[in-house]
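This report is for a reader who has not met this structure before. Please look over the sequence and the coordinates before reading on.

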Amino acid sequence: MSKNLYEKIITIYSDLTDADFMPHRGTIHLQNDSDGRGDYIKSWTHPTHAQPTQEQLDAVQ
Amino acid sequence: MTMILDGSNGITMPTWTTANRPTNPIIGAQGYNTTYGGVEVYNGSTWTLVTGGPAFSAYLSSTQSITTATTTKIAFDTKIFDTNNCFNTSTSRFTPNVPGYYQINLNVQGSSSSYSSMQIYQIYKSNNPYVKSDWRYQSATIDTGSGDVSSLIYMNGTTDYIEAYAYIVASSSPTVSGSSTTQISGSFVRGQ
């Protein structure tokens with residue numbers, strides 16, 4: 001079973017915690033609009049980690 | 001346009017559509033707007049609906065799986081009522097056709113097969129977070145929680161819309177519960 005977007009990001013940046021993903025307080029916001037397009041990164045303003053590229057995400061098994 | 005007072009059939013007010021309102025109204029002018037289905041009054045700068053207006057209620061009919069730590073739109077797919085046909089079950093979106101202030105209510109129950117450390121439920125206005133429930137860290141022995149959110153929200157009657165989103169952190173299988181435990185409702189309160 002392939003990893004979801006959240007799991008892929010945690011795999012790339014293992015030091016991230018749930019607090020980093022919290023609405024309003026966190027700096028990484030993942031969203032799913034229930035329109036069939038799946039999970040996506042709505043915003044990424046983490047102070048030290050750059051937003052992973054699609055290639056990086058695709059490389060995570 | 002005439003007003004009829006015949007002493008037996010009530011007061012019959014002038015009627016018009018939104019597109020065919022009086023062109024030079026004076027303050028206090030009023031009539032029945034057939035587009036909105038209610039009586040409106042001119043306040044000197046705009047028309048304000050004082051009766052009627054949209055009201056709706058909808059619920060999630062079956063359990064919706066979501067990804068942990070991912071803000072996910074709740075797919076309300078069944079209407080209980082929808083007076084002005086403003087709630088779309090395909091998009092789970094309420095787009096009222098009358099400008100004014102609306103009371104919006106959201107009740108959600110979330111679960112997971114493991115314990116859930118955080119649940120946040122939000123009302124979105126036009127794709128942006130507007131108001132949310134309190135987040136919480138639950139006991140490790142509890143896997144189900146609920147949130148209630150309500151707010152009075154101004155809607156412009158054309159492009160503004162309301163949606164609801166859920167955010168659950170759980171180590172496995174977070175879900176939003178279906179049937180009566182997850183509902184959204186709203187009603188026109190007053191004009192602009």
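## A pair across two strands

In chain B, Y42(B) faces W47(B), a residue of β6(B). The model in which this pair is found is a predicted one. The strands β5(B) and β6(B) run antiparallel and are joined by three bridges. They also form a hairpin, with four residues between the two strands. Within that turn, G44(B) has a positive phi of about 105°.

Strand β5 of chain B covers residues 38–42. Is this strand mostly covered or mostly uncovered? It is mostly covered, since four of its five residues are buried.

## The rest of the sheet

β5(B) and β6(B) belong to an open sheet of four strands in chain B, with the order β3-β4-β5-β6 and mixed pairing. The edges are held by β3 (15–16) and β6 (47–49) of chain B; each has a single partner strand, so one side of each is left without a neighbour in the sheet.

On the other side of β5(B) in this order is β4(B). β4(B) and β5(B) run antiparallel, and four bridges join them. One of the facing pairs here is Y32(B) with V39(B), the latter in β5(B). These two strands form a hairpin as well, with four residues between them. In the turn, G37(B) has a positive phi of about 75°.

Strand β4, residues 30–33 of chain B, pairs with β3(B) in the parallel sense over two bridges. T15(B) has Y32(B) in β4(B) as its bridge partner. Y32(B) thus has a place in two pairings, with T15(B) and opposite V39(B).

## Chain B as a whole

How many helices and strands does chain B have? It has zero helices and 19 strands. The radius of gyration of chain B is 21 Å, well over the 16 Å that the globule rule gives for 192 residues, so the chain is more spread out than a compact globule. Its C-alpha trace spans about 70 × 30 × 25 Å along the principal axes.

Of the 192 residues in chain B, 46% count as buried. Taking contacts in this chain between residues at least 6 apart in sequence, 62% join residues at least 24 apart. Chain B exposes about 8700 Å², and carbon and sulfur atoms supply 49% of that area. Its charged side chains are 8 positive and 9 negative, and the centres of the two sets lie 6 Å apart.

## Two serines with positive phi

Most residues other than glycine have a negative phi. Two serines, one in each of chains A and B, have positive values instead.

In chain A, S34(A) has a positive phi of about 50° although it is not a glycine. Where does S34(A) lie? It is in the loop between β1 (28–32) and β2 (40–44) of chain A. With a relative accessible area of 30%, S34(A) is partly exposed.

In chain B, S126(B) has a phi near 50°, again positive in a residue other than glycine. S126(B) sits in the loop between β14 (116–125) and β15 (128–132) of chain B. Its relative accessibility is 22%. S126(B) therefore counts as partly exposed, given that buried means under 20%.

Terms used: Residues are numbered from 1 along each chain as its sequence is written. Chains are lettered from A and ligands numbered from 1 in the order in which they are written. This is a predicted model: local features need pLDDT of at least 70, side-chain atom pairs count only at pLDDT 80 or more; totals for chains, interfaces and linings use all residues. Side-chain values use heavy atoms; hydrogens and water are left out. The radius of gyration is taken over C-alpha atoms; the globule rule is 2.2 Å times the number of residues to the power 0.38. Buried means under 20% relative accessible area, exposed over 50%, partly exposed in between (1.4 Å probe, protein chains only). Contact means heavy atoms within 4.5 Å. Accessible areas come from the Shrake-Rupley method with a 1.4 Å probe; for residues, only the protein chains shown count as cover. Lys and Arg count as positive and Asp and Glu as negative; His and the chain ends are not counted. The place of a charge is taken as NZ of Lys, CZ of Arg, CG of Asp or CD of Glu. Two strands pair if DSSP finds at least two bridges between them.
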